[in-house]
Amino acid sequence: MEQLPQQLVNGIWQGAALALFAVGYTLVFGLLDIVNLAHGATYMWGAFFGFVCVTKLNWSLWLAIPAAMIGAGLLAILLDRLAFKPLRTLTRGGLVLWGGFLILLLGIVGKWDDPLKWTLIGAGAIIMLVGVVQDYLTKVPLQVRQVPHLAPMIASIGASIILISLSQGIFGAQVARFPPGTVSDEPIQLVSGAVIAPVQLLVLVIGVVLMLALNFLITRTQVGRAIRAIAFNERTSRLLGINVDFVIAQTFFLSGALAGAAGVLLGLAVRRIDATMGNDVELAGLTVIIVGGMGSIWGAVAAAFLVGMLRVLSVAYLDSSFRDAFVFGLLILVLLVRPSGLFGRGSSTRA
Amino acid sequence: MTIKRGFLKVSLLAALVMLVSLVLAACGDNTATPVPATTAAATKAATTAAGATTAAGATTAAATTASGATTAAATTAAGATTAAAASTLTGDIPIGAVWSLTGGAAIYGPSQKNAADMAVDEINKSGMLGTAKIKLITEDDRSVKEGGIPAFDKLINQDKVVAILGPTLSSTALATNPVAQDKKVVVLGVSNTAGGIVEIGNYVFRDSLPEASVIPNTVKATKEKLGYKNVAVMYGDDDAFTKSGYDVFKKALDDNGVKILTTETFKKGDTDFSAQLTKIKSLNPDAIIVSALAEEAAGIMSQGRQLGIPTTVKFIGGNGFNSAQLAKLAGAAAEDAISGAAWFISNDANGNQNFVKAYTAKYGTAPDQFAAQAYAGVYILATAIKNTGAANSTAIRDSLAKLKDIDTILGKFSFDDTRNPVHTPILQIVKNGKFELFK
């Protein structure tokens, strides 16, 4: 019993970090009914954006976190335009975007001499930009299509692999960490028998603030109303004059920004960022959004704290070898008892 | 729309034809192979395809020349083999190296690669093997068995190597070395320290002291100096190296009468250890024994100190601690971490200081034990090749088995009857982010 207060603290801050990750995940699902398996890669890129800001540009953490959020948010929009949107509606801009992307990849991956390499990368980036703008301006798409449900998910796996390989190519495969002293290491005494490190407190506070902000955004603002309307019925929303593509882009931005914040914060807390860091948290995040009910934001938050606590307490009082077994046992149990998740509703009433 | 569709079709066909011609080229058909105009539609894309053929043809030609050269070299080497006694080594001696350059163990592989490349350069320049040159062919196993096995297959079947250095991880070695044993190709592990490696067969050697000979020494010496009675143990239960390190630790602790309060496990790649460490903290151990790779060990140390485990409770570990990455990742939390090691940077063993200097100058960081053992491994192989005067695997095997007390940067080095290395281990402690001898 002596260790209980500390274990609760461990569970709570981990739950907050997981929630931050899972909320963005579930947001996209709620809106588009797609499981974005590249969310983990966005999270990893967020961590690296923050890392570059702190180490290369010498920015303070308070500047690096918003920068990483914006970077990861823009990446998520790009991801939507590259992997998801062309599946829904193909436009000429989308094709141009893809062409630019391929040139960019060629520039990054190929072993070119210096001027040629940067020409390729620059040209690729410019063509991509043109493609995005053209895609955005398109009134009449080349094709509007119904694709099988699995297609976006498979596309996101591909996107995830590309993003991970890119980061491995750029940042190397070695594990990196934020420079020591970015956040103080001295543990803070909470109650007798429980301490919390400043970085964990930071995760908890920023996590809660961001989730409250998201809640405000979804329930009280015009964007939030549009998101809910599209989640309810996309066709009707279009008829009502909502710019669906723009709202989807905004949703991806929000989702990516939350993942980016989670990436920087968790990278700080566990002192480890590497190209594959998204893989573990992605599986945990998927568990969280299924247990919480796909598409339900508060469900995801509650499930994140539940999973965080379960992971910690199973190690504390049972056996550390079986930690993940307990988490996935919970997943199966929830699927058996309540297939739509603890807070889930049918897709017809989701919003 | 129609025009676009047509354009798409043509470009798709062009791509298809290019693909076919590439495949044909790869199959070894000569430059003369015309593009098979199987479909009438293919002619539409004739211009594109023609371009493709030329390019593909050129590639084939280049490939043929290159492979011709290789064959010639191989033949020369084989020729040398037949005339073994004459000890006239000429041409290229192909030697493979399999490192974990990406993936979970990517903090070890690159320094091994650097050191091995450096040793090969030195040997080739020094004329140690007469006019013969070592041709080192490096493969990346991505830190997984699934990457190691194809790498071994390629090196053995395609590159016809006479010996292989590596692979980096013991768990990979357990999967790959039987492949080499089957084909009677020498494997020299330079960082495999788990049990069961050399037992795979008589073509498998290692120059890395196994945990079984380092850890008992570590436990005995640290218990004498620190006087601990109760310890907590943490290990990764899904990795051959950390698991076998744990087994040896457990036996050594039992032998020395140390009580194990709790045994906690984690998985490779885990980032959060706070639950296990909280449990350990509540049991108040005198020391914490960790069998982990440096990345996980760094996480364990920093999170342990964050949870307020006092610095008087020292972290003691095995080979995984012996990486410069440990102090880099864990920062101040790595201070006073103690580990047994096969090599020490300030050793004055023959040539060690020159190696440290040359490595630091070339790569900008100081070498670690992994670099040292890889470097020594290349020299051990080269010595065996020189002694036997032949570049064939069986001859090298016999020559390696006979090596006694040769000078390496690890100290006086021999293989025992089980092809395990024999030299004296040392004990080191992290002070100000650097390894020092633990006294």
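## Helices, strands and the model

A helix here is a DSSP run of H or I with at least four residues, a strand is an E run of at least two, and both are numbered from the N terminus. With that in hand, let us take a walk through this structure, which is a predicted model. We start in chain A and then move on to chain B.

## Chain A: helix α11 and what covers it

Helix α11 of chain A takes in residues 277–292, which makes 16 residues. Does its length agree or disagree with what 1.5 Å a residue would give? The helix should span 22 Å, and its end C-alpha atoms are 23 Å apart, so the two agree. Just after α11(A) comes G293(A), which has a positive phi near 105°.

Which residues of α11(A) are buried? The list is M277(A), G278(A), V281(A), E282(A), A284(A), G285(A), T287(A), V288(A), I289(A), V291(A) and G292(A). To count as buried, a residue must have under 20% relative accessible area. The cover over these residues includes other helices of chain A, namely α1 (4–32), α2 (39–55), α10 (244–270), α12 (297–317) and α13 (323–337).

## Chain A: an exposed glycine

G169(A) sits in helix α6 of chain A, which covers residues 150–171. Is this glycine buried or exposed? It counts as exposed because its relative accessibility is 63%, and the cut-off for exposed is over 50%. From G169(A) to A275(A) there are 106 residues in sequence, while the C-alpha atoms of the two are 9.4 Å apart in space.

## Chain B at a glance

Now for chain B, which holds 14 helices and 15 strands. Of its 439 residues, 53% count as buried. Take the contacts in chain B with a separation of 6 or more: 69% of them come from residues 24 or more positions apart.

## Chain B: a five-stranded sheet

In what order do the five strands of the open sheet in chain B stand? The order is β2-β1-β3-β4-β5, with parallel pairing. At the edges are β2 (133–140) and β5 of chain B; each has a single partner strand, so one side of each has no neighbour in the sheet. From one strand to the next, the twist averages 25°.

We can zoom in on two of the pairings. β1(B) and β2(B) run parallel and are joined by eight bridges; V98(B), for instance, has E139(B) in β2(B) as its bridge partner. Strand β3 of chain B (residues 163–165) also runs parallel to β4(B), joined to it by three bridges, and here A163(B) stands opposite V186(B) in β4(B). A helix joins the picture too: α4 of chain B (residues 109–126) lies across β1 (92–99) and β2 of chain B, running at about 170° to β2(B). Together, β1(B), α4(B) and β2(B) make a right-handed β-α-β unit.

## Chain B: around S191

S191(B) lies in the loop between β4 (186–189) and β5 (204–206) of chain B. With a relative accessible area of 7%, S191(B) is buried. What does its side chain make polar contact with? One partner is the side chain of Q112(B), at 2.9 Å. In addition, a polar atom of the S191(B) side chain lies 2.7 Å from the backbone oxygen of T168(B).

Setting aside neighbours within four places in sequence, S191(B) is in contact with Q112(B), P167(B), T168(B), S208(B), F370(B) and Q373(B). One of these, P167(B), belongs to the loop between β3 and α6 (170–182) of chain B.

## Chain B: some backbone surprises

Most residues other than glycine have a negative phi, and most peptide bonds are trans. Here are some exceptions. The peptide bond between G166(B) and P167(B) is cis, with omega about -10°.

D405(B) is not a glycine, yet its phi is positive, about 50°. This residue lies in the loop between α14 (393–402) and β11 (406–408) of chain B, and its 48% relative accessibility makes it partly exposed. R419(B), also a residue other than glycine, has a positive phi near 65°. Its place is the loop between β12 (411–415) and β13 (421–422) of chain B. Is R419(B) buried or exposed? At 15% relative accessibility, R419(B) counts as buried.

Conventions:
Residues numbered from 1 in each chain as written. Chains lettered and ligands numbered in written order. Predicted model: local features only at pLDDT ≥ 70, side-chain atom pairs only at ≥ 80, totals over all residues. Heavy atoms only, no water. Buried < 20%, exposed > 50% of the residue type's maximum accessible area, 1.4 Å probe, protein only. Expected span 1.5 Å × (residues − 1). Contact = heavy atoms within 4.5 Å. Polar contact = N/O pair within 3.5 Å; in protein donor to acceptor, adjacent residues only side chain to side chain. Pairing = 2+ DSSP bridges. Axes fitted to C-alpha atoms, helices over the stretch in contact; angles between N-to-C directions. Right-handed = clockwise from strand over helix to strand, strands pointing away.
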